[in-house]
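Work through the exercises below with the coordinates open. Try each task before reading its solution.

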Amino acid sequence: QVQLVESGGGLVQAGGSLRLSCVISGRTDRNYAVGWFCLAPGKEREFVSGISWAGGSTIYADSVKGRFTCSRDNAKNTVYLQMNSLEPEDTAVYYCAAARSLVIPREYPFWGQGTQVTVSS
């Protein structure tokens, strides 16, 4: 089992930036791909980005391409989501999730508690 803890959310003006962190603890001796998801009020949970275990492969939702960058530092058991050019539509709770996989999977069994991102206009 692994535990994930997100941090870095907050309130930012449109056009601003935030960097979210996801610290992985527990069975970190295994290989985990990580995904980022967001949940906005009145909407379904949406995929934002995913990164393979080694970090060599990343994917992004069309809505964040060119603005968000996902990276990881496995020595620190931490995955990051750099969010630039934020828009009010990005306001949501952001969750990181992990799956025991070398490549980016479709399903993620392990989830963090989420961190709130609020973008004001």
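The exercises go from the whole chain to single residues, and the model is a predicted one.

**Exercise 1. Overall fold**

Task: Determine how many helices and strands the protein chain has, and check its radius of gyration against the globule rule.

Solution:
- Step 1. Count the elements. The protein chain has zero helices and 11 strands.
- Step 2. Apply the rule. For 121 residues, a compact globule would have a radius of gyration near 14 Å. The protein chain has 13 Å, so the value agrees with the rule.
- Step 3. Take the extents. Along its principal axes, the C-alpha trace spans about 45 × 25 × 25 Å.
- Step 4. Check burial. Of the 121 residues, 42% count as buried.
- Step 5. Check contact range. Take the contacts between residues at least 6 apart in sequence; 56% of these join residues at least 24 apart.

**Exercise 2. Cysteine pairing**

Task: Find which cysteines are joined by a disulfide, and explain why C38 and C70 are not bonded.

Solution:
- Step 1. Search the whole structure. The search returns one disulfide.
- Step 2. Identify the partners. C22 and C96 are joined, with an S to S distance of 2.1 Å. The cut-off for a disulfide is 2.5 Å between the sulfur atoms.
- Step 3. Place them. C22 sits in strand β3 (residues 18-26) and C96 in strand β9 (residues 92-100), so the pair ties together parts that are 74 residues apart in sequence.
- Step 4. Get the handedness. The angle about the S-S bond is 70°, and the link is right-handed.
- Step 5. Check exposure. C22 and C96 are both buried.
- Step 6. Test C38. The closest cysteine sulfur to that of C38 belongs to C96, 13 Å away, which is too far for a bond. C38 is buried, at a relative accessible area of 10%.
- Step 7. Test C70. The closest cysteine sulfur is in C22, at 9.1 Å, so again the gap is too far for a bond. C70 also counts as buried, with 5% relative accessibility.

**Exercise 3. A buried acid**

Task: Work out which backbone nitrogens the side chain of E6 reaches, given that E6 has no salt bridge.

Solution:
- Step 1. Locate E6. The residue belongs to strand β1 (residues 2-7).
- Step 2. Look for an opposite charge. The nearest such side chain is R45, 9.9 Å away. A salt bridge needs a distance within 4 Å. E6 is buried and has none.
- Step 3. Look at the backbone. The E6 side chain reaches the nitrogen of C96 at 2.8 Å. A polar atom of that side chain also lies 2.9 Å from the backbone nitrogen of G114.
- Step 4. List the surroundings. Beyond four places in sequence, E6 touches residues including W36, Y94, Y95, Q113 and T115.
- Step 5. Link to Exercise 2. E6 also touches C22 and C96, the two cysteines of the disulfide.

**Exercise 4. A loop residue**

Task: Decide whether A40 is buried or exposed, and find which residues it contacts beyond four places in sequence.

Solution:
- Step 1. Locate A40. It lies in the loop between β4 (32-39) and β5 (46-51).
- Step 2. Apply the cut-off. Buried means under 20% relative accessible area. A40 has 15%, so it counts as buried.
- Step 3. Find the contacts. Outside its sequence neighbours within four places, A40 is in contact with T91 and A92.
- Step 4. Add a distance. A40 and V117 are 77 residues apart along the chain, and their C-alpha atoms are separated by 9.7 Å.

Methods:
Residues numbered from 1 in each chain as written. Predicted model: local features only at pLDDT ≥ 70, side-chain atom pairs only at ≥ 80, totals over all residues. Heavy atoms only, no water. Helix = DSSP H or I, 4+ residues; strand = E, 2+ residues; numbered from the N terminus. Buried < 20%, exposed > 50% of the residue type's maximum accessible area, 1.4 Å probe, protein only. Lys, Arg positive; Asp, Glu negative; His and termini not counted. Polar contact = N/O pair within 3.5 Å; in protein donor to acceptor, adjacent residues only side chain to side chain. Contact = heavy atoms within 4.5 Å. Rg over C-alpha atoms; globule rule 2.2 N^0.38 Å.
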